[in-house]
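Dear colleague,

I am passing on the structure below, and I would be glad if you could look through it at your convenience. My notes on what was found in it follow directly after.

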Amino acid sequence: SDGVRWLADQYLAQLPRNLRAKHGRFYTPGALAGILAGQALRLSGTDGPIVDPACGGGSLLAAVVDRIVSEREPGEAVRFVLENVRGTDLDPVAVSVCDLAVRTALLPAWAALPESSRPTLRPFAVVGDGLSDERTATLVIANPPFGRVSGGDRVRARHGRVLYVHAHWPTIFLHSAVSRLASGGVAAFVLPASFVGGMYFSRLRAFLIETAPPAWLGF
């Protein structure tokens, strides 16, 4: 898994700085991914779909699968991951890296099964707009792109309740995540520090306090 994380880091490093800034791409370090995944799985008490709508290189989903593999019997871990874990991103190269990261994290459980009962692994990440997937999820975990959203009336019609002056990607992704959660589900996000007190996030904070009170914050 360290090799896959290195591959993801190398891919990010070779992206032009202006491109990363334009699209708000800041990938998740492995240590941070492990902490967030641990807290998310501790809080989401029911089994069900686990999705990352902006999966990038797959650090968060790989960390989730690492935990599942370490805590479950191999056959159960493989079955659960195959049925429930999926990522989406607009960048096809990042999607390929994410898929490899999840497969690598699942490998110890898959290899522990008798050869005759090892299932064929499906793709764990697909190219697409993660915001367009509205299927119910038990856990939505993400480090969404940072920066402002263009889209005008269409964006405000869907997310106006949580927008203050400008629309920002973290606000849009978190609002969408909460809206699709199953009962007892968890949204676990990497967010800018301004989320805690910045005015642009004031309506989002009010929405969360009313509908999905924060259970854990880490800095």
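To begin with the contacts between charges and rings, the charged end of R118 sits over the ring of W110, at 5.1 Å from its centre, and R72 lies over the face of F80, at 4.3 Å from the ring centre. Please keep in mind throughout that this is a predicted model.

As for rings facing rings, the count comes to one aromatic pair. W169 and F173 form this pair, which is tilted, with 6.0 Å from centre to centre and 55° between the planes. Both residues belong to helix 8 (residues 169–179), where they stand four residues apart, about one turn of the helix. Their surroundings can be stated as well: W169 is partly exposed, with a relative accessible area of 26%, whereas F173, at 6% relative accessibility, counts as buried.

Turning to the interior, the largest nonpolar core has 36 residues, of which I50, L61, V65, V81, L106 and I141 touch the most other members. The elements that give two or more residues to this core are helix 3, helix 4, helix 5 (74–84), helix 6 (92–112), strand 4 and strand 5, and the largest share, eight residues, comes from helix 4. If neighbours within four places in sequence are left aside, I50 is in contact with L41, L61, V64, I68, F80, N84, V85, R86 and L139. There is also a second, separate core of 22 residues, which includes A137, A142, V155 and L204.

Helix 3 (residues 30–43) has 14 residues that should span 20 Å at 1.5 Å a residue, and its end C-alpha atoms are indeed 20 Å apart, in agreement with that expectation. The buried residues of this helix are A33, L36, A37, G38, Q39 and A40, and what covers the buried residues of helix 3 includes helix 4 (59–71), strand 4 (137–142) and strand 5 (181–189).

Finally, a point about the cysteines: why is C98 not bonded to C55? The sulfur of C98 is 3.7 Å from the closest cysteine sulfur, that of C55, and this is too far for a bond, given that a disulfide requires the two sulfur atoms to be within 2.5 Å. The count of disulfides accordingly comes to zero. Both cysteines count as buried, C55 at 5% relative accessibility and C98 at 0%.

With best regards

Notes:
Residues are numbered from 1 along each chain as its sequence is written. This is a predicted model: local features need pLDDT of at least 70, side-chain atom pairs count only at pLDDT 80 or more; totals for chains, interfaces and linings use all residues. Side-chain values use heavy atoms; hydrogens and water are left out. Rings of Phe, Tyr and Trp (its six-membered ring) pair if their centres lie within 6.5 Å; planes under 30 degrees apart count as stacked, over 60 as edge-to-face and the rest as tilted. Buried means under 20% relative accessible area, exposed over 50%, partly exposed in between (1.4 Å probe, protein chains only). A charge sits over a ring if NZ of Lys or CZ of Arg is within 6 Å of the ring centre and within 35 degrees of the ring normal. The expected span of a helix is 1.5 Å times one less than its number of residues. Contact means heavy atoms within 4.5 Å. A nonpolar core is a set of buried Ala, Val, Leu, Ile, Met, Phe, Trp, Tyr and Cys residues joined through side-chain atoms within 4.5 Å.
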